[in-house]
Amino acid sequence: MDALLTALADPVRWRLVGLLAERPRSVGVLAQLAEARQPQTTKHLQALERAGLVTSQRTGQRRIYALRPAPLRDLAAALSRLADTADKVGGPRGTYDRYGLSLQAERLAAEASGWADGRPFRFFRSLTGHPELVWRHLTEASLLAGWWMPDDLRVSELVFEARPGGRIVQEYRDAEDADGSDLVVGRAEGAVDDVRPGERLAYRLSPLLPDGGFAFTAHVDIGLRPTDAGTDLDVHWRITDSTVDSADFIAGIEIGFGQSLDKLAATLATDSGSTDNTDTRGTN
């Protein structure tokens, strides 16, 4: 496939392929139609032949070249599969487009400091597992690290001190950035406000801007209610201290935190007995 793409990348060769798609032609005629010198045309045709795109045979004084359709069909099928993968309903590209629309709207609205203050967000999930188990996943760093990040990211540092006044640090990187050489995707710092085990967790969290300042402060209030099937989780966000530069962050709250909660739901549904107590503090 690489040889095929390399052969087709040259505009003259691409023109020759188009001419040969119409009918087999001689080198001389191809050179005339492509408005190229015959020696150069011969070299291009030889490159196409080595790539398996054309075949040739001598007829009298002339060498006639013809296009081989099969490699083009294989390439078309491969390109179609790539397009279908990118266009998959509910896939990463759809999330990218959703974020782009939200980002555009938020940037237009971010005209002055405080522009998003008071903005509410609400999330609700019915979870498998009793409130005590859900509470552990909300407050233990080793369990938080398994779900508290948007899709395609991984936790690279996490501190969560589940007590009033306790410190929170959340940092994540691209999931494929295995060696930590790429830029940090996001980092936030905050503190716990209220802790009622199995019932309520409230905290403040502020994403950091590239210059080290806070983009805004999110006041997050999480309520847990036991049900026959497990636990209802009701999450309320409220924004304060929003800066003009916070638009990029606020645009991703609905999508990103929603994805995180979906991971939490999936984790509890498939492995409600998880007891992993590995400390992720300071890992990279």
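The largest pocket has a volume of about 1000 Å³. The model is predicted. Its pocket lining counts 34 residues. Pro150, Leu153, Tyr172, Val185 and Gly252 lie nearest the centre of the largest pocket.

Several elements build this lining. Helices H6 (92-109), H9 (247-250) and H10 (253-270) each supply at least two residues. So much is also true of strands S6 (167-174), S7 (186-196) and S8 (200-207). Helix H10 gives the largest share, six residues. By class, the pocket lining has 20 nonpolar, nine polar and five charged residues.

The structure also holds one cavity of 30 Å³ or more. The largest cavity has a volume of about 50 Å³. Its lining is made up of Leu138, Leu144, Trp147, Trp148, Phe160, Leu201, Tyr203, Ile222 and Phe257. Nine of these lining residues are nonpolar, with no polar and no charged residues.

The class counts for the two linings are set out here.

| Lining | Nonpolar | Polar | Charged |
|---|---|---|---|
| Largest pocket | 20 residues | nine residues | five residues |
| Largest cavity | nine residues | no residues | no residues |

One arginine deserves its own paragraph. Arg125 sits in strand S4, residues 120-128. The Arg125 side chain makes a polar contact with the side chain of Asp262, at 3.0 Å. Neighbours within four places in sequence aside, Arg125 is in contact with Thr231, Asp232 and Leu233, and also with Gly258, Leu261 and Asp262.

Definitions and conventions: Residues are numbered from 1 along each chain as its sequence is written. This is a predicted model: local features need pLDDT of at least 70, side-chain atom pairs count only at pLDDT 80 or more; totals for chains, interfaces and linings use all residues. Side-chain values use heavy atoms; hydrogens and water are left out. On a 1 Å grid over the protein atoms alone, a cavity is a set of points where a 1.4 Å probe fits but cannot get out, and a pocket is an open set with protein on both sides within 12 Å along at least five of seven lines; lining residues have an atom within 4 Å of a point. Grid points are joined across faces, edges and corners, and a volume is the space filled by probe spheres set on the points. Helices (H or I, at least four residues) and strands (E, at least two) are DSSP runs, numbered from the N terminus. Ala, Val, Leu, Ile, Met, Phe, Trp, Tyr, Cys and Pro count as nonpolar, Asp, Glu, Lys and Arg as charged, and the others, Gly among them, as polar. A polar contact is a pair of N or O atoms within 3.5 Å; within protein, one must be able to donate a hydrogen and the other to accept it, and residues adjacent in sequence count only if both atoms are side-chain atoms. Contact means heavy atoms within 4.5 Å.
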